[in-house]
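Subject: Structure for your review

Dear colleague,

Please find the structure below, together with its sequence. My findings follow directly after it.

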Amino acid sequence: MTAAQKDKLMADLKLVLADAEALLAATAGEAGEGVAELRGRVQATLSQAKSGLIDAQAAVVERAKAAAKATDGYVHESPWKAVGIAAGVGLLLGIVIGRR
C-alpha cells in the first residue's frame, strides 16, 4: 500500500466517522428504548474507532520519521553508494517506463 493510498484511507475513515456522528446527532430526538440502546452502541463503537484511528496515524508518523532518519544516516555515511543506488533505481524506472 502506497503512502497516497494510506492517506486516502485515513481521509475516508475520518469522513465515515464524521458522517456517523452527524447521523447520531440527527437521530438524537428519536424516542424508543431500542433506538437509545443502538445509539449507545454506535457511540461506543465510534469512540473506539476514533481512538484506533488516532493510534494508527501516530504509528504511521513514527515509522515514517524513523525511516527518514535511517535513510538520512545511511546517506551521510555512504553518500556515493546512495548516489549509485539512486542512479540505478532511476535507470531501471526509465527502462520500465520507456517500454510502455
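I begin with the contacts of one residue. Leaving aside residues up to four places away in sequence, Leu17 touches Leu46, Ala49, Lys50 and Leu53. Please note that the model is a predicted one, and that every value in this message is computed from it.

**Leu17 and its surroundings**

Leu17 belongs to helix α1. With a relative accessible area of 11%, Leu17 is buried, because the cut-off for that class is under 20%. Leu17 and Ser47 stand 30 residues apart in sequence, yet their C-alpha atoms are 9.3 Å apart in space.

**The two helices**

Helix α1 covers residues 3–26 and helix α2 covers residues 33–77. For α1, the 24 residues should span 34 Å at 1.5 Å a residue, and the end C-alpha atoms are indeed 34 Å apart, so expectation and model agree. The corresponding check on α2 also agrees: its 45 residues should span 66 Å, and its end C-alpha atoms are 66 Å apart.

Which residues of α1 are buried? They are Met10, Leu17 and Leu24. The buried residues of α1 pack against α2. In α2, the buried residues are Arg39, Leu46 and Leu53, and what covers them includes α1.

**The nonpolar core**

The largest nonpolar core is made up of five residues, namely Met10, Leu17, Leu24, Leu46 and Leu53. The elements that contribute two or more residues to this core are α1 and α2. Helix α1 provides the largest share, with three residues. Two of the contacts of Leu17 given at the start, those with Leu46 and Leu53, are therefore contacts between members of this core, which is a set of buried nonpolar residues joined through side-chain atoms.

**The largest pocket**

The largest pocket has a volume of about 210 Å³. Its lining consists of Ala3, Lys6, Asp7, Leu9, Met10, Lys14, Ala56, Gln57, Val60 and Val61. The elements that give two or more residues to this lining are α1 and α2, and the largest share, six residues, comes from α1. By character, the lining divides into six nonpolar residues, one polar residue and three charged residues. Met10 appears in this lining and is also a member of the largest nonpolar core.

**Two further residues of α2**

Val60, one of the residues that line the largest pocket, lies in helix α2. Is Val60 buried, exposed or partly exposed? At 41% relative accessibility, Val60 counts as partly exposed, because that class lies between the cut-offs of 20% and 50%. Between Val60 and Leu38 there are 32 Å in space, C-alpha to C-alpha, for a separation of 22 residues in sequence.

Ala67 is likewise placed in helix α2. Its relative accessible area is 43%, so Ala67 is partly exposed. The C-alpha atoms of Ala67 and Ala18 are separated by 31 Å, and these two residues are 49 residues apart along the chain.

**In brief**

Helices α1 and α2 are the elements that give two or more residues to the largest nonpolar core, and the elements that do so for the lining of the largest pocket. Helix α1 supplies the largest share of the core and the largest share of the pocket lining.

With kind regards

Key. Residues are numbered from 1 along each chain as its sequence is written. This is a predicted model: local features need pLDDT of at least 70, side-chain atom pairs count only at pLDDT 80 or more; totals for chains, interfaces and linings use all residues. Side-chain values use heavy atoms; hydrogens and water are left out. A nonpolar core is a set of buried Ala, Val, Leu, Ile, Met, Phe, Trp, Tyr and Cys residues joined through side-chain atoms within 4.5 Å. Buried means under 20% relative accessible area, exposed over 50%, partly exposed in between (1.4 Å probe, protein chains only). Helices (H or I, at least four residues) and strands (E, at least two) are DSSP runs, numbered from the N terminus. On a 1 Å grid over the protein atoms alone, a cavity is a set of points where a 1.4 Å probe fits but cannot get out, and a pocket is an open set with protein on both sides within 12 Å along at least five of seven lines; lining residues have an atom within 4 Å of a point. Grid points are joined across faces, edges and corners, and a volume is the space filled by probe spheres set on the points. Ala, Val, Leu, Ile, Met, Phe, Trp, Tyr, Cys and Pro count as nonpolar, Asp, Glu, Lys and Arg as charged, and the others, Gly among them, as polar. The expected span of a helix is 1.5 Å times one less than its number of residues. Contact means heavy atoms within 4.5 Å.
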